[in-house]
Structure formats: C-alpha cells, structure tokens
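Open your viewer and keep the selection tool ready. This tour goes stop by stop, from strands to helix to surface.

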Amino acid sequence: MTTWGLVVEATVGLGERKRTEAYVLTHVEGSREEALEELERRAREYSPEHPRSPKRRRLLRSSDGFLLVIDGAWQSYATRFSIAELLEDTDHPEPPRQDTAEPPRAHETAPSPAPVPAEPSPVADEGCDEDGVPLRPSWLGRTDLS
C-alpha cells in the first residue's frame with residue numbers, strides 16, 4: 001500500500017521577512033485519490049495566521065494538490081497543499097524485504113570513539129588564587145585538544 005505525505009507550503013512572516021516554509025501535515029496510506037480527498041478536506045478547513053483580516057479567499061485545484069490564495073488588506077498570502085509519495089523516512093525505516101535474492105546484511109556497528117585521555121594532574125606548586133581558582137588551567141598542555 002502506498003504512503004502519501006500531505007505537504008503544506010505556507011507564507012509566514014510579514015513585510016520583508018515574509019517567506020515560505022514547508023512541513024508535512026500527516027501521512028495517508030491508500031490510493032492517490034484517497035490522499036487527494038483528505039488533502040482537499042484539510043485545505044478547505046485551513047485557517048492561516050496571515051492575513052489577519054482576509055478580504056478574499058480562493059482555493060484552486062492543481063494536478064497534485066491545491067493552492068489557497070488569501071488576499072489581505074495590503075498583501076496576498078499563498079498556501080500550497082500537495083501530496084507526495086513517501087519513499088524514505090529516517091524516523092520509520094522500512095522493514096527489510098523478504099522477496100529479494102540478496103542475502104541480508106550484517107548490522108554494522110559505529111566505530112568506537114577514541115578514548116578520552118586522562119586529565120593532567122594539577123601541579124602542586126602552582127597553587128590557586130584567593131577564590132580557589134587554579135592559576136594554571138587544567139586544559140593547558142593537553143595534546144588531545146586542537
């Protein structure tokens with residue numbers, strides 16, 4: 001079954017700081033038509049932050065989604081709704097396929113980090129100031145720092 005991402009690209013900010021940000025609303029499993037139906041429902045219910053006093057609202061259909069244009073008193077704001085087939089998601093990796101002839105790969109382990117060298121022992125004759133702060137910092141002379 002195909003998984004579709006419902007994507008929103010919305011205008012955010014005001015004036016010269018106006019920009020477009022994209023995010024995934026949700027995922028829908030099923031046919032392309034089912035995903036478009038859910039996307040249309042969400043596009044019709046969508047209420048953006050800007051403009052605060054909308055004068056006109058237009059919802060337009062395109063081949064892969066919808067375009068919502070809202071005219072404000074001074075500027076127009078556009079929000080694009082689209083669907084896209086989910087091919088990869090690092091938060092939810094696909095289970096390995098059983099129908100491939102390729103042998104399963106062994107799980108690779110990350111290389112172990114280099115051991116942290118012990119801190120140099122404080123030099124007794126250097127002492128501390130009246131607040132107890134060492135006169136020579138403990139990191140001075142360490143070769144593992146760059």
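Which residue in β2 is the bridge partner of W4? Select W4, then V28: V28 in β2 is its bridge partner. Keep in mind that you are looking at a predicted model.

**Stop 1: the hairpin**

Select residues 3–12 for strand β1 and residues 19–29 for strand β2. The two run antiparallel, and 10 bridges join them. Together β1 and β2 form a hairpin, with 6 residues between the strands. Pick G13 in the turn and check its backbone: phi is positive, about 90 degrees.

**Stop 2: the sheet**

Now show every strand. The sheet is open and has 5 strands, in the order β2-β1-β5-β4-β3. Its pairing is antiparallel. Which strands sit at the edges? They are β2 and β3 (56–62), and each of them pairs on one side only. On average, neighbouring strands of this sheet are turned by 15 degrees against each other, direction ignored.

Colour β4 (residues 65–71) and β5 next. These strands run antiparallel, with 7 bridges joining them. For a landmark on this pair, select V69, which stands opposite A78 in β5.

Then bring in the helix. α1 packs on the sheet and touches β1, β2, β3, β4 and β5. The direction of α1 makes about 160 degrees with that of β5.

**Stop 3: charges on the helix**

In general, side chains of opposite charge can pair when their charged atoms come close. A search of the whole structure finds 7 salt bridges. Select residues 32–45, helix α1, and show side chains for R41 and E38, which both lie there. These two side chains meet in a salt bridge, 2.6 Å from N to O. The residues are 3 apart, about one turn of the helix.

Add E45. E45 forms a salt bridge with R41 as well, with the closest N and O atoms 3.1 Å apart. E45 and R41 are separated by about one helical turn, because they are 4 residues apart in α1.

How do the two compare in exposure? R41 has a relative accessible area of 38%, so it is partly exposed. E45 counts as exposed because its relative accessibility is 55%, above the 50% cut-off.

Finally add R42 to the selection. E38, R41, R42 and E45 are linked in a network of salt bridges.

**Stop 4: a salt bridge on β2**

Go back to the hairpin and select R19 and E21. R19 forms a salt bridge with E21, and the closest N and O atoms are 2.9 Å apart. Are these residues buried, partly exposed or exposed? R19 has 44% relative accessibility, so it counts as partly exposed. E21, at 37%, counts as partly exposed too.

**Stop 5: a nonpolar patch**

Switch on the surface and select W139, L140 and L145. They form a nonpolar patch there, with about 320 Å² of accessible area together. Where does L145 sit along the chain? L145 is found in the segment after β5 (76–85). Its relative accessible area is 46%, so L145 is partly exposed.

**Last view**

Show the sheet, α1 and the patch together. The sheet keeps the order β2-β1-β5-β4-β3, α1 packs on it, and W139, L140 and L145 form the surface patch.

Notes:
Residues numbered from 1 in each chain as written. Predicted model: local features only at pLDDT ≥ 70, side-chain atom pairs only at ≥ 80, totals over all residues. Heavy atoms only, no water. Salt bridge = Lys/Arg side-chain N within 4 Å of Asp/Glu carboxyl O. Buried < 20%, exposed > 50% of the residue type's maximum accessible area, 1.4 Å probe, protein only. Patch = residues over 30% accessible without salt bridge, like charges linked within 9 Å, V, L, I, M, F, W, Y side chains within 5 Å. Areas by Shrake-Rupley, 256 points an atom, 1.4 Å probe, with all protein chains shown as cover. Pairing = 2+ DSSP bridges. Axes fitted to C-alpha atoms, helices over the stretch in contact; angles between N-to-C directions. Contact = heavy atoms within 4.5 Å.
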